[in-house]
Amino acid sequence: MDLSNYTPTPQSAFPPRLWFAQKHESLAAQVSIQRPVDRPAAPCVTLYLNEGGANFVFKFSPQDCQDPSMQLQGPVPLLRIRKNLSHVQGAEQQLQAFNEHFRPLFPPQHLIEHELVELDEGAVPALNASLKRYKRPSNRSGDVMAEDEKYGLLVTDMSPLPREARLVQLKPKWLAQSPTAPRDAKRCRTCALRAQRAARGVRTATDAQESCPLALVSENVEDRRQAAAAATQDKTLQVYIVRDALPLFKTLREKQQEFDARGVLDDVDDAATADVCKAMTLRDCTLFLHSGPLGIEARLGDLDMKQPEKLDKWRSVERSLIDEGWYGNAEPGDAWTEEKVCLLSRR
Ligand SMILES: O=P(O)(O)O[C@@H]1[C@@H](OP(=O)(O)O)[C@H](OP(=O)(O)O)[C@H](O)[C@H](OP(=O)(O)O)[C@H]1OP(=O)(O)O
Ligand SMILES: Nc1ncnc2c1ncn2[C@@H]1O[C@H](COP(=O)(O)OP(=O)(O)OP(=O)(O)O)[C@@H](O)[C@H]1O
């Protein structure tokens with residue numbers, strides 16, 4: 001198809017077609033509504049893939065084109081753009097914190113790759129306009145991107161190919177007990193919080209897995225098998241979680257402990273707070289897993305640095321888990337249920 005006379009469609013067009021210019025020598029990657037004049041760029045239909053509490057994720061679908069200067073090279077990344085919410089950091093800060101604190105901790109093949117991309121005027125308004133056409137989570141349907149957002153991030157696309165098993169997303173959560181939990185605890189931090197929330201009728205996606213994170217790193221293979229079965233029905237991925245992902249989970253556990261050896265109950269100085277933020281980020285990241293033509297790919301993502309403003313929340317969660325007896329499975333009588341999931345109650 002000859003697209004050399006391609007002209008952009010108006011902002012209201014659905015789905016929006018944008019020009020994606022990959023990083024090229026000294027030029028940063030760029031997404032624009034007009035075809036760039038200084039570099040090759042591919043016209044791409046840009047589709048909403050999903051969103052979380054902090055970011056939107058879009059998928060580029062390159063348009064068939066014979067002109068080599070209008071084709072993309074290599075795997076096509078996803079486009080991640082922050083929501084216009086005050087607590088969400090900009091792409092430049094997200095990337096800087098990721099490069100400085102998290103990239104050095106893990107082998108590159110186990111990380112979602114991140115690269116800055118410039119967003120030209122017009123690109124975000126077109127994407128915002130397109131959001132109206134999608135079915136979105138009702139609690140997030142008011143969220144949008146800032147129309148003048150200058151940067152986004154390009155991230156490794158972990159979506160499965162058509163006819164492949166579904167993408168598995170697993171939050172490993174707290175792989176070691178909280179440093180300030182009682183010594184004779186019957187629940188780990190993740191299981192204690194799940195039990196507390198259940199008593200209030202609240203159930204997050206992680207809670208719904210009904211799995212104990214300690215089992216993922218247990219020396220007992222049967223514990224790891226149960227944890228893997230709670231994460232996915234895919235047998236190949238289960239084997240991967242039980243055996244191959246173990247070193248990655250162990251590194252994650254080691255770093256969670258290293259950055260937060262004392263817990264959050266005592267007053268901590270700025271340096272210790274910064275480390276707690278790193279530990280909490282590593283306790284809330286996501287492992288993306290899928291089996292593709294080259295085997296299983298497993299990459300950690302969602303390593304967005306937590307902010308010190310959350311320290312009071314973490315402190316009050318810890319206080320209540322201790323004081324109300326959730327760690328000891330000694331919660332108030334009317335809320336009491338026998339803990340059966342946590343590894344600490346099974347040993
Ligand atoms: O409090 P937790 O351990 O349940 O973790 C929260 C997550 O809950 P979940 O993993 O689903 O149980 C929670 O995930 P969901 O929004 O429930 O998907 C968030 O990731 C939250 O972090 P933030 O407030 O968005 O920075 C997470 O909060 P923090 O890790 O910052 O405490
Ligand atoms: N690299 C990826 N490959 C495939 N799908 C992805 C990728 N990154 C994100 N997604 C999809 O987009 C969703 C939202 O992305 P993401 O978790 O980055 O948003 P967030 O706002 O940072 O999340 P949170 O609510 O945890 O802060 C994910 O749950 C996942 O379904």
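Glu 210 sits in the loop between H4 and helix H5 (213-216), where helices (H or I, at least four residues) and strands (E, at least two) are DSSP runs numbered from the N terminus. Its phi is near 50°, a positive value in a residue other than glycine. With 13 C-beta neighbours inside 10 Å, Glu 210 counts as partly exposed. The scale behind that word runs like this: 20 or more other C-beta atoms within 10 Å of a residue's own make it buried, 12 or fewer make it exposed, and in between it is partly exposed, with C-beta atoms placed from the backbone.

A word on the ground rules. This is a predicted model, in which local features need pLDDT of at least 70 and side-chain atom pairs count only at pLDDT 80 or more, while totals for chains, interfaces and linings use all residues. Residues are numbered from 1 along each chain as its sequence is written, and chains are lettered from A and ligands numbered from 1 in the order in which they are written.

**Other backbone oddities**

Asn 329 also has a positive phi in a residue other than glycine, near 55°. You'll find Asn 329 in the loop between helix H10 (311-323) and helix H11 (343-346), and with 20 C-beta neighbours inside 10 Å it counts as buried. Then there's a cis peptide bond between Phe 14 and Pro 15, with omega about -10°; Pro 15 belongs to the segment before E1.

**The overall build**

The protein has 11 helices and 10 strands. Its radius of gyration is 22 Å, close to the 20 Å that the globule rule gives for 347 residues, so it is as compact as a globular protein of that length. That radius is taken over C-alpha atoms, and the rule is 2.2 Å times the number of residues to the power 0.38. The C-alpha trace spans about 70 × 40 × 35 Å along its principal axes. Of the 347 residues, 34% are buried. Take contacts (C-beta atoms, placed from the backbone, within 7 Å) between residues at least 6 apart in sequence: 68% of them join residues at least 24 apart.

**The barrel**

Seven strands close into a barrel, in the order E1-E2-E6-E7-E5-E4-E3, with mixed pairing. Neighbouring strands of this sheet are turned by 40° against each other on average, direction ignored. Two strands count as paired if DSSP finds at least two bridges between them. Here are some of the pairings, each with one residue pair.

| Strands | Bridges and direction | Residue pair |
|---|---|---|
| E6 (residues 114-119) and E7 (residues 151-155) | five bridges, antiparallel | His 114 opposite Val 155 in E7 |
| E4 and E5 | five bridges, antiparallel | Phe 56 opposite Ile 81 in E5 |
| E5 and E7 | three bridges, antiparallel | Leu 79 with Leu 154 in E7 |

What about E5 itself? Four of its five residues are buried, so E5 is largely enclosed by the rest of the structure.

Two helices lie across these strands. Helix H1 (residues 91-102) crosses strand E5 (78-82), E6 and E7, running at about 45° to E7. Those angles run from 0 to 180 degrees between N-to-C directions, using axes fitted as lines to C-alpha atoms, for helices over the stretch in contact. Helix H2 (residues 123-131) lies across strand E1 (17-21), strand E2 (29-32), strand E3 (42-51), strand E4 (55-62), E5 and E6, at about 50° to E3.

Ala 129 is in helix H2 and, with 16 C-beta neighbours inside 10 Å, counts as partly exposed. The C-alpha atoms of Ala 129 and Val 144 are separated by 9.3 Å, with the two residues 15 apart along the chain.

**The two ligands**

A residue belongs to a ligand's surroundings if its C-beta atom, placed from the backbone, lies within 6 Å of the molecule. Around ligand 1 you'll see Gly 53, Lys 171, Leu 193, Thr 204, Ala 205, Thr 206, Asp 207, Met 280, Asp 284, Lys 306 and Lys 310. Which element gives the largest share of that shell? Helix H4 (residues 205-208) does, with three residues. By type, the shell around ligand 1 holds three nonpolar, three polar and five charged residues. Nonpolar here covers Ala, Val, Leu, Ile, Met, Phe, Trp, Tyr, Cys and Pro; charged covers Asp, Glu, Lys and Arg; the others, Gly among them, are polar.

Ligand 2 has 22 residues around it, of which Asn 50, Gly 52, Gly 53, Ala 54 and Met 158 come nearest. E3, E4 and E5 are the elements that give two or more residues to this shell, and the largest share, three residues, comes from E3. The shell around ligand 2 divides into nine nonpolar, eight polar and five charged residues.
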